[in-house]
Amino acid sequence: MIRRLHNDGQRMKIDDSQLWSGLIGLALGAIVVWQGYEHDIGVVTEPGTGFVLFYVGWFMVLLSAVMLLIAIREGGAPIASLWEGVRWSRPMIAIVLLIAFALVFERLGFLLSTMALLIGLMRLIDPVPWPRALPIAVLAPLGSWFVIQKMLKVALPAGMLGIG
Amino acid sequence: MDTLALLGQGFGVALAPVNLLYCFLGVLIGTLVGVLPGIGPVSAMALLLPVTLGGTPESGIIMMAGIYYGSMYGGSTTSILVNIPGEAASVVTCLDGHAMAKRGRAGPALGMAAFASFIAGTFAIVMLMLLAPQLADYALAFGPAEYVSLMVLGLTMLTFLTQGSMVKALFMACVGIVLGLVGLDTINAQHRLTFEFAPLVDGLGIVPVVMGLFGVGEVLNNTEQAVRRQIVSAKISGLLPSRDDWRRSWAPIARGSLLGFFLGTLPGGGAVVASFSSYAMEKRLSRRPEEFGQGAIEGVAGPEAANNAGAGGAFIPLMTLGIPPNAVMALLLGAFIIHGLQPGPLLIANNPGLFFGIVASMYIGNVMLLVLNLPLIGIWVRLLKVPYNVLFPLILLFTIIGVYASSNNVFDIYVMLFFGVFAYVIRKFGFESTPMVLAFVLGPLLENNLRKALIISGGELSTFVMRPISGVCLLLALLILLSPLMPSLRRKRELVALDN
């Protein structure tokens, strides 16, 4: 566990957001440097495919080192505090619903999957009363389907049930 | 051919019924996204990019441009009536515009915002029409070294103007460059960062990336907060400003137009910086600075003029150099490329009908906005009453449709979701998406020109500093990079920081 002293005398915590920003940045920078190296850096008279990646990666490493330095000297907010005072469960539900939607989108088809998504979003996050949620969840995908598929002739998936 | 004859040709293009329709749709949708908080011009343009593919390049670009300058008009409505900026360039309009509304002067505030926008927007179009062809001729002398330095300056400037840590903004710009390089290397035709995954060979699409960062990411951020809107409920009347309002506003409008246009043309500039700078200037020049924040009409007229002039000015670097100065223009660059056009010094010479057609459509669009906006205020107010728990599922639905329709590939929906979650998480850690988007678009251009410059110069790095324009740009970029070490400049940066 990292236990350095900040300028104000407090101990650095392992859940320091600035520290993790620097560490993740450092890892990303290292990956980019490695990828640049793997893709042939070339020479300065004839730069290769990995030339820009390699040097941008090193710049990312440098910037991450600065972030780490700031974390050691000044510290940052604890990670948990970044979600303090907000209803973090709502975006989590939205993310889960969106991932589930992407997984079934082609299998269920555009109409069924978007209707299910809209009902989920309107009922599970900040509940909209059923009498309002249902017509919106049905009419919005139907209207969009009509405009996109029928008028603009852009094919949307009909799914295994062939609806739409 | 002289400018007037070319403009006549442009009006011929812009007045074609289909282009008029696209122009109308563009400004109407622009106003709508300007009015609605949580969806800005970038996501709207990304959403509608696939829709433009069916038409001619002129129609597509006319509509995309209309969304941008239309959103500048619409943004002020929400700022004045709800005290929530519809988009970033209207943040400062909240200060005095909403104060005027609370004092029963919502009508004159909305009216002045519309007139100032119209005057400055028209001024910017005249300047664009007169200056762009001259600058394009001048830009023909630019080589790869100048392009690299200009792009470096643009990216540095944007990171300087982004709120929060400049180190983090620079890091995001690097991430954007790296993501922009995913796919096939255009010089050596080698796969890069594809990890043998076939959908990545063509690179990441701008539409799913932008929709994820600005559409899904914004929605995720908003859902965790209880969005409460207090709309000024008193009847809005007297939209025409009084003689005294005009007496106080003409000079701020003139100054805002000039300042906004100039700032709009700079790399990294645009409507947001212009509106903040105009507000600061008007407050400093005013004989009644204490009235600012309490409902001074100058605080509405100046910034609204500046953001519209800035929006017009931002077309200059894109049209003449092919370098987008901000995220919105980056998306417009994407639209040009999708339609098989390459903005740059030869765009105007090779496609005068297209350039002057866009300019003429902007004249027409500005008149449409003025005529449409004031009578439609009631509809915008009603739209603002749509609760967010109904609005955000619909925003998500439209982003999904837009992304899928652009490629007919479900992989792009996954890309959008990834960048949506990414934007939500990085924002918590104090990182901004804006520098990443600009760098994502500029990345391939930057790499291409850098490699060309090095090959041409035989590997001489001094080519970037010995060529005057390139050297000056790099010097400016260096000064900007070192600016956080100077306390007075750091304070100025905080004043004009984007994404307030």
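Start by selecting Thr399(B): at 2% relative accessibility this residue counts as buried (buried means under 20% relative accessible area, exposed over 50%, partly exposed in between, with a 1.4 Å probe and protein chains only). You are looking at a predicted model, in which local features need pLDDT of at least 70 and side-chain atom pairs count only at pLDDT 80 or more, while totals for chains, interfaces and linings use all residues. For finding your way, residues are numbered from 1 along each chain as its sequence is written, chains are lettered from A and ligands numbered from 1 in the order in which they are written, and side-chain values use heavy atoms, with hydrogens and water left out.

**Around Thr399(B)**

Colour helix α18 of chain B, residues 388-407, and you will find Thr399(B) in it. Helices (H or I, at least four residues) and strands (E, at least two) are DSSP runs, numbered from the N terminus. Now show what Thr399(B) touches: setting aside residues up to four places away in sequence, these are Leu47(B), Met211(B), Gly215(B), Val216(B) and Met416(B). Contact here means heavy atoms within 4.5 Å.

**Along α18 to the other chain**

Stay on α18 of chain B and move to Asn389(B), which sits in this helix as well. With 14% relative accessibility, Asn389(B) counts as buried. What does the side chain of Asn389(B) reach at 3.0 Å? Turn on the backbone of chain A and you will see the backbone oxygen of Asp126(A) there. Beyond its neighbours within four places in sequence, Asn389(B) is in contact with Met122(A), Asp126(A), Pro127(A) and Val128(A).

**The whole interface**

Zoom out and select both sides: 54 residues of chain B are in contact with 63 residues of chain A. The area buried between the two chains is about 5,000 Å², and carbon and sulfur atoms give 78% of it. Buried area is the accessible area (1.4 Å probe) that two parts lose on being put together, summed over both.

Which elements of chain B each supply at least two residues of the side that touches chain A? Highlight α8 (166-180), β2 (191-192), α9 (206-223), α18, α19 (410-428) and α20 (434-456). The largest share, 12 residues, comes from α18(B). Colour this side of chain B by class, and you get 38 nonpolar, nine polar and seven charged residues. In that scheme Ala, Val, Leu, Ile, Met, Phe, Trp, Tyr, Cys and Pro count as nonpolar, Asp, Glu, Lys and Arg as charged, and the others, Gly among them, as polar.

Across this interface the rule finds zero salt bridges; a salt bridge is a side-chain nitrogen of Lys or Arg within 4 Å of a carboxyl oxygen of Asp or Glu. Polar contacts are there to look for, though: 13 residue pairs, both residues at pLDDT 80 or more, make them between chain B and chain A. A polar contact is a pair of N or O atoms within 3.5 Å; within protein, one must be able to donate a hydrogen and the other to accept it, and residues adjacent in sequence count only if both atoms are side-chain atoms.

**Salt bridges inside chain B**

Over all chains, the structure holds 13 salt bridges. Try Asp245(B) and Arg105(B) next, whose closest N and O atoms are 2.6 Å apart. Asp245(B) lies in helix α10 (residues 243-265) and Arg105(B) in the loop between α5 (93-102) and α6, so the pair ties together parts that are 140 residues apart in sequence. Asp245(B) is buried at 3% relative accessible area, whereas Arg105(B) is partly exposed at 29%.

Then select Glu224(B) and Lys428(B), a salt bridge with its closest N and O atoms 2.4 Å apart. Glu224(B) is in the loop between α9 and α10 and Lys428(B) in helix α19, 204 residues apart. Both residues are buried.

Arg427(B) forms a salt bridge with Glu218(B), the closest N and O atoms lying 3.2 Å apart. This pair links helix α19 to helix α9, 209 residues apart. Finish this stop with Asp185(B), Arg192(B), Glu447(B) and Arg451(B), which are linked in a network of salt bridges.

**Last stop: Leu128(B)**

Select Leu128(B) in helix α6 (residues 106-139) of chain B. Leu128(B) is buried, with a relative accessible area of 0%. Among the residues in contact with Leu128(B) are Phe261(B), Gly312(B), Phe315(B) and Phe355(B). Leu128(B) and Gly312(B) are 184 residues apart in sequence and 7.1 Å apart in space, C-alpha to C-alpha.
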